[in-house]
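Let's take a walk through this protein together, starting with one question and working outwards from there. Have a look at the sequence and the model first.

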Amino acid sequence: MYPGIHARTRADQPCIIMASTGRTLTYGEFDALANRLAHLFRSEGLVRGDHVSILMENNEWYLPACSAAERSGLYFTPVNSHLTPEEVGYILDNSLSRVLITSRAQHAVALEAMRHAPKVQRCVVAEDFGSDLAGLPSTPIADESTGAPMLYSSGTTGRPKGILKPLSKKAPADATSKFLLQLWSYREGQVYLSPAPLYHSAPQGACGMTIRLGGTVVIMDRFDPEQFLVLIERYRVTHTQVVPTMFSRLLKLPDDVRLKYDLSSLELVIHAAAPCPVPVKEQMIDWLGPIIREYYGATEGLGFAACDSTEWSAHKGTVGKVLLAKVV
């Protein structure tokens, strides 16, 4: 999610577009905001390996906040914005977060959660970035290094558990997953439509890779099936990632609505997160063509399987061949 070179070569190109309002952050604005936040982290005494958390709904500040932590060598924890204050407080305390970035919509929850997380020394509200970051440099911090998300499990067995992975030794500008770029045919200048909450690992990772490639990310506040189609046509979307429930909701649209939009710009539709019923996927491939790819994995990173439309059609119901695996 490091757009430094793009801020110099395509500063005025849209980096983020909010679907509901059209609010846009250019690459120049994105990079300047991320750099100022990185300087804020350093002014709070945070060094490589320290933790911050992000508690916000989908908005134009979410990804710059992630990018600021990533280029500061910090672990950053996106927190589910539907949790209770007590649940948020547990994650803040368990992750050892020292700074919390939130929004006005989540501010009351954040303040209550901080009562359970005494290590949090600073809470920053995104809508107040203008005043809180005033005077901080828009240029990179002197000691940039690569950080990483520290995501939490769903808590199906007890409380959620933080998934802590070693930090990369690569420079922020070089820390790109070539495996995923090649697997999903991501490319320079793509337009990625993100219909899911940014606190999930998949949309956050896909948005980050798009930004690294100098593309444009269109972010929905929430998924609406017809609006999803509207946005593909309006912004000439090339890539997107959904869950099977979204497929089902799209297919339930009346044909005169579903088929009236120009979706010819689409190059790739990725889906994961839950089993996809065979009839649903058959209908989606019939509609969109063989551009649908599926994967199966876990945030813990212990394994990864994937298949394209041709492979799936030959073995309906498969989630593909195992491409990565770790022995534990």
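How many bridges join strand E5 to E6, and do the two run parallel or antiparallel? Keep in mind that this is a predicted model, so what follows describes a prediction. If you find residues 97-102, you have strand E5, and four bridges join E5 to E6, with the two strands running parallel. One spot to look for is Thr102, whose bridge partner in E6 is Val125.

Now zoom out a little. In general, the strands of a sheet pair through backbone hydrogen bonds, and they do so either parallel or antiparallel. Here, E5 and E6 belong to an open sheet of five strands, and reading across it gives the order E6-E5-E3-E4-E7, with parallel pairing. The edges are strand E6 (122-125) and strand E7 (148-149), each of which pairs on one side only.

What about the whole thing? The protein chain has 13 helices and 16 strands. Its radius of gyration is 20 Å, close to the 20 Å that the globule rule gives for 328 residues, so the chain is as compact as a globular protein of that length. Taken along the principal axes, the C-alpha atoms fill a box of roughly 55 × 45 × 35 Å. The chain also links up parts that sit well apart in sequence: among contacts between residues at least 6 apart, 71% join residues at least 24 apart.

Next, the inside. Of the 328 residues, 51% count as buried. The largest nonpolar core has 50 residues, and Leu37, Phe41, Leu63, Phe129, Trp184 and Tyr186 are those with the most contacts inside it. Helix H2 (residues 27-43) gives the most to this core, with seven residues. There is also a second, separate core of 34 residues, which includes Ala19, Val218, Leu253 and Cys276. As for the outside, the accessible surface comes to about 14500 Å², and 54% of that belongs to carbon and sulfur atoms.

Let's finish with a single residue, His239, which you'll find in strand E12 (residues 239-242). Is His239 buried or exposed? Its relative accessible area is 1%, so His239 is buried. The side chain of His239 makes a polar contact of 2.7 Å with the side chain of Thr238. Leaving aside neighbours within four places in sequence, His239 is in contact with several residues, including Ser185, Arg187, Gln190, Tyr192 and Glu267. Trp184 and Tyr186 are also among the contacts of His239, and you met both of them earlier in the largest nonpolar core.

How values were computed
Residues are numbered from 1 along each chain as its sequence is written. This is a predicted model: local features need pLDDT of at least 70, side-chain atom pairs count only at pLDDT 80 or more; totals for chains, interfaces and linings use all residues. Side-chain values use heavy atoms; hydrogens and water are left out. Two strands pair if DSSP finds at least two bridges between them. A nonpolar core is a set of buried Ala, Val, Leu, Ile, Met, Phe, Trp, Tyr and Cys residues joined through side-chain atoms within 4.5 Å. Buried means under 20% relative accessible area, exposed over 50%, partly exposed in between (1.4 Å probe, protein chains only). The radius of gyration is taken over C-alpha atoms; the globule rule is 2.2 Å times the number of residues to the power 0.38. Contact means heavy atoms within 4.5 Å. Accessible areas come from the Shrake-Rupley method with a 1.4 Å probe; for residues, only the protein chains shown count as cover. A polar contact is a pair of N or O atoms within 3.5 Å; within protein, one must be able to donate a hydrogen and the other to accept it, and residues adjacent in sequence count only if both atoms are side-chain atoms.
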